[in-house]
Amino acid sequence: MRSLRVLAPSRLHFGLWSLAGAEGRQYGGVGAMVERPGLALAIRPADQFAAGGELAPRVLIFAQRWAEFHRLPLPNCQIEVVSSPPEHAGLGTGTQLALAIAAGLNAWCELPPQTPRELALSVGRGLRSAVGTYGFVLGGMIVEQGKLPGEPISPLDCRLDLPAEWRFVLARPTNLAGLAGDEEAAAIDSLPAIAPEVTASLVAEVREHLVPAAATADFPAFAASLFRYGLRSGQCFSARQGGPYNGPVLTRLVDVIRELGGVGVGQSSWGPTLFVAQPRQAAAEEFVRRLGAAAAPGAIDLTISSPANHGAKIIASS
């Protein structure tokens, strides 16, 4: 008898460059995987299938989707979420959980490894953004093209490693939650289409500045481009957010971060997690000290994470 552990990084989403209603590809965008906070699953032998831990209801839903997709019965095992980021925080927890369950059950049942597309389809993910889907398998910084009508998930545009010494400071107000699920879908559906010239400018920012800066380890250029891209993408969501960032608390927090010298700041998905790129660990630690001193005690949760230039890991033990 054996047990499995599935360890998945977390996802930062830097912003979409298109929405429903636009001509051509919809959604599309860029993001990156980070080591922390990450997600861990344990799969152990059991007399019948069972789900444990705080996220047990979601585990069961994704496992049932996987079984229906593969036309297999649920195996005799217990899946427990050992640790996970908070849900609805902009860290892609739902997608990473779903894909971790799919990959873990594939390994448990000794099925062939699946592509990102197959993993997403098996648990019903990738309906809009596919950054977290490709990131789960490949890690690194992900650029996806966006979906054409009828495509199951967006094609991958490019993927590259981020310099190992770079860091992201994650700043999350403790009294806020982002959007997810049906609420997120309704919010996106209510937004006007992004004008073609705005999409073109966002794509150009990524291809002409953000990707080259990451590929050449030019941190100042990367941080400046990251801010420009996030601000411009966020402005496309102003009708729902009230501005480029989701509400006055995050807007003010971005201002404070910029005042403290955090050039590469952005909002991950709908927030409330903000990220601040830093060139190295020592700079990240100093920035956390200064930002923590500027905030009210307990008002924000601060985490330092390195880039995750690898996909999820599956570790077997006897």
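# A tour of the predicted chain

Begin with the whole protein chain in view: its 318 residues would give a radius of gyration near 20 Å if they formed a compact globule, and the value of 19 Å agrees with that. The radius is taken over C-alpha atoms, and the globule rule is 2.2 Å times the number of residues to the power 0.38.

This is a predicted model, in which local features need pLDDT of at least 70 and side-chain atom pairs count only at pLDDT 80 or more, while totals for chains, interfaces and linings use all residues. Residues are numbered from 1 along each chain as its sequence is written, and side-chain values use heavy atoms, with hydrogens and water left out.

**The whole chain**

Show the C-alpha atoms alone; along the principal axes they fill a box of roughly 55 × 45 × 35 Å. Switch to a cartoon to see the 10 helices and 11 strands of the protein chain. Helices (H or I, at least four residues) and strands (E, at least two) are DSSP runs, numbered from the N terminus.

Turn on the surface. The accessible surface of the protein chain is about 13300 Å², and carbon and sulfur atoms account for 52% of that; accessible areas come from the Shrake-Rupley method with a 1.4 Å probe, and for residues only the protein chains shown count as cover. Of the 318 residues, 52% count as buried. Buried means under 20% relative accessible area, exposed over 50%, and partly exposed in between (1.4 Å probe, protein chains only).

Of the contacts between residues at least 6 apart in sequence, 75% join residues at least 24 apart. Contact means heavy atoms within 4.5 Å.

Colour by charge next. There are 26 positive and 27 negative side chains, and the centres of the two sets lie 2 Å apart. Lys and Arg count as positive and Asp and Glu as negative, with His and the chain ends not counted; the place of a charge is NZ of Lys, CZ of Arg, CG of Asp or CD of Glu.

**The cores**

Select Phe14, Met141, Phe168 and Phe222, which touch the most other members of the largest nonpolar core, a set of 29 residues. Seven elements each supply at least two residues of this core, including strand E1 (3–16), strand E2 (29–45), helix H6 (196–215) and helix H7 (219–235).

Which element gives the largest share of this core? H6 does, with seven residues.

A nonpolar core is a set of buried Ala, Val, Leu, Ile, Met, Phe, Trp, Tyr and Cys residues joined through side-chain atoms within 4.5 Å. In soluble globular proteins, nonpolar side chains tend to be buried together.

Centre on Phe222. Beyond its neighbours within four places in sequence, Phe222 is in contact with Met141, Leu162, Trp166, Phe168, Leu210, Ala213, Ala214 and Ala277. Then move to a second, separate core of 28 residues, which includes Phe49, Val59, Val123 and Phe136.

**Leu41 and Asn106**

Select Leu41, in strand E2. Leu41 counts as buried because its relative accessibility is 0%. Its contacts, not counting residues up to four places away in sequence, include Leu4, Val6, Ile79, Val81, Leu97 and Ile101.

From Leu41, go to Asn106, which is 65 residues away in sequence and 14 Å away in space, C-alpha to C-alpha. Asn106 sits in helix H2 (residues 93–108). Is Asn106 buried or exposed? Asn106 is buried, with a relative accessible area of 5%. Outside four places in sequence, Asn106 is in contact with Trp66, His70, Leu111, Gln114 and Leu119.

**Backbone stops**

Most residues other than glycine have a negative phi, and most peptide bonds are trans. The next four stops depart from one or the other pattern.

- Arg36 and Pro37 are joined by a cis peptide bond with omega about 5°; Pro37 is in strand E2.
- Gly271 to Pro272 is also a cis peptide bond, with omega near 5°; Pro272 is in the loop between strand E8 (265–267) and E9.
- His88 has a positive phi of about 55°. This residue lies in the loop between strand E4 (77–83) and H2 and, at 41% relative accessibility, is partly exposed.
- Ala217 has a positive phi near 55°. This residue lies in the loop between H6 and H7 and is partly exposed, with a relative accessible area of 41%.

**Last stop: Arg25**

Select Arg25, in the loop between E1 and E2. Arg25 is partly exposed, with a relative accessible area of 28%. Gln145 is 120 residues from Arg25 in sequence but 7.3 Å away in space, C-alpha to C-alpha. Leaving aside neighbours within four places in sequence, the contacts of Arg25 are Ser18, Gln145, Gly146, Lys147, Leu148, Glu151 and Pro155.
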